[in-house]
Amino acid sequence: MKVNLTPKPVNFKLGEYINKGFELLKKDFGNIFIAFLVCFIMSIIPFCGLLAMGNLYKYLQKLSRNQAASPGDIFDFKDFMPYFMLQLIVIGGFLLLYIPLMVIMAVSGALSEGHQPNPMIMFLMFPYIFLMFAAIYYFVLKGFYIIPLISLKGITEIKEAWNISKIMSKGNLLSIFLFSFVVGILAQIGILACGIGLFLTIPFLYTAKYFAYEDAMQQIEYDEITEIGSKNEF
């Protein structure tokens, strides 16, 4: 159910989220591991990858609050349409970025002499690739909170979720990038165990992100009762 929110830049607590993620994983590794496997299986279903992640964060929220939770809850399609629309937008965005690149490569091939690429086309290609990746990172970081806004706060309009996420991530892009980078590195440690260990470390990626999301959602919640109480004090 959607609640009243007061969007504002989030006080991003990188170290706290990592520590809490480790603690939750240690506390209930078995259930979290099973939930991760269920999420992985559901992600195989076309257009259900983001939905599976969103449902996993709902499960982790119940687990962290000591509420009744079952890994089977991840197979919930209630939020399918918002995530379906989000994935269509993402696919459309990638096409808009890659089509010009494909055109440049095709023109380069047509104008190249023998096996040597045309230097002028190559001169244009590298700046475009740089700008393309910069744009991808910008939108991914600015949209960092879209998934929890849909799953944890019931926002069903993608435009609304995007606008709120933009406000929440203001001034935090570097922190969000560093957090995602560090958590990603820690989650990849399982590669050292011949790849099998990935199934043991990747769940940490979700627990750490859950606490980043949960804390952010709490920061923008509008508590009407608290607001009334504070006004009555004056």
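In this predicted model, helix 7 buries Ile158, Ala161, Ile164, Ser165 and Met168. These residues span an arc of only 130 degrees around the axis, so they sit on the same side of helix 7. One of them, Met168, turns up again in the largest nonpolar core, where it ranks among the residues with the most contacts.

That core has 51 residues. Alongside Met168, the residues with the most contacts inside it are Leu56, Leu60, Phe144, Tyr145, Leu149 and Phe179. Plenty of helices chip in: helix 1 (14–27), helix 2 (29–43), helix 3 (49–64), helix 4 (80–111), helix 6 (146–151), helix 7 (158–168), helix 8 (173–187) and helix 9 (198–220) each give at least two residues to this core. Helix 9 supplies the largest share, with ten residues. As a general backdrop, nonpolar side chains in soluble globular proteins tend to be buried together.

Phe179 gives a good look at how this plays out around a single residue. Leaving aside residues up to four places away in sequence, Phe179 touches Phe12, Leu14, Tyr17, Ile18, Phe144, Ala208, Lys209 and Ala212. There is also a second, separate core, made of five residues, with Leu101, Met125, Met132 and Ile136 among them.

Turning to charged side chains, the structure holds seven salt bridges. One of them pairs Asp215 with Lys13, and the closest N and O atoms are 3.2 Å apart. This pair ties together distant parts of the chain: Asp215 belongs to helix 9, Lys13 lies in the segment before helix 1, and 202 residues separate the two. Asp215 has a relative accessible area of 11%, so it counts as buried, while Lys13, at 26% relative accessibility, is partly exposed because that value falls between the 20% and 50% cut-offs.

Helix 1 has salt bridges of its own. Glu16 and Lys20 meet through their side chains at 3.2 Å, N to O, and these two helix 1 residues are four places apart, about one turn of the helix. Both are partly exposed: Glu16 has a relative accessibility of 32%, and Lys20 has a relative accessible area of 37%.

Further along, the side chains of Lys26 and Glu23 also form a salt bridge, at 3.4 Å from N to O. Lys26 and Glu23 are three residues apart in helix 1, so about one helical turn separates them. An α-helix has 3.6 residues a turn, so residues three or four places apart point the same way. Lys26 is exposed, at 63% relative accessibility, whereas Glu23 is partly exposed, with a relative accessible area of 48%.

How values were computed:
Residues are numbered from 1 along each chain as its sequence is written. This is a predicted model: local features need pLDDT of at least 70, side-chain atom pairs count only at pLDDT 80 or more; totals for chains, interfaces and linings use all residues. Side-chain values use heavy atoms; hydrogens and water are left out. A nonpolar core is a set of buried Ala, Val, Leu, Ile, Met, Phe, Trp, Tyr and Cys residues joined through side-chain atoms within 4.5 Å. Buried means under 20% relative accessible area, exposed over 50%, partly exposed in between (1.4 Å probe, protein chains only). Contact means heavy atoms within 4.5 Å. The arc is that of the directions from the helix axis to the C-beta atoms. A salt bridge is a side-chain nitrogen of Lys or Arg within 4 Å of a carboxyl oxygen of Asp or Glu.
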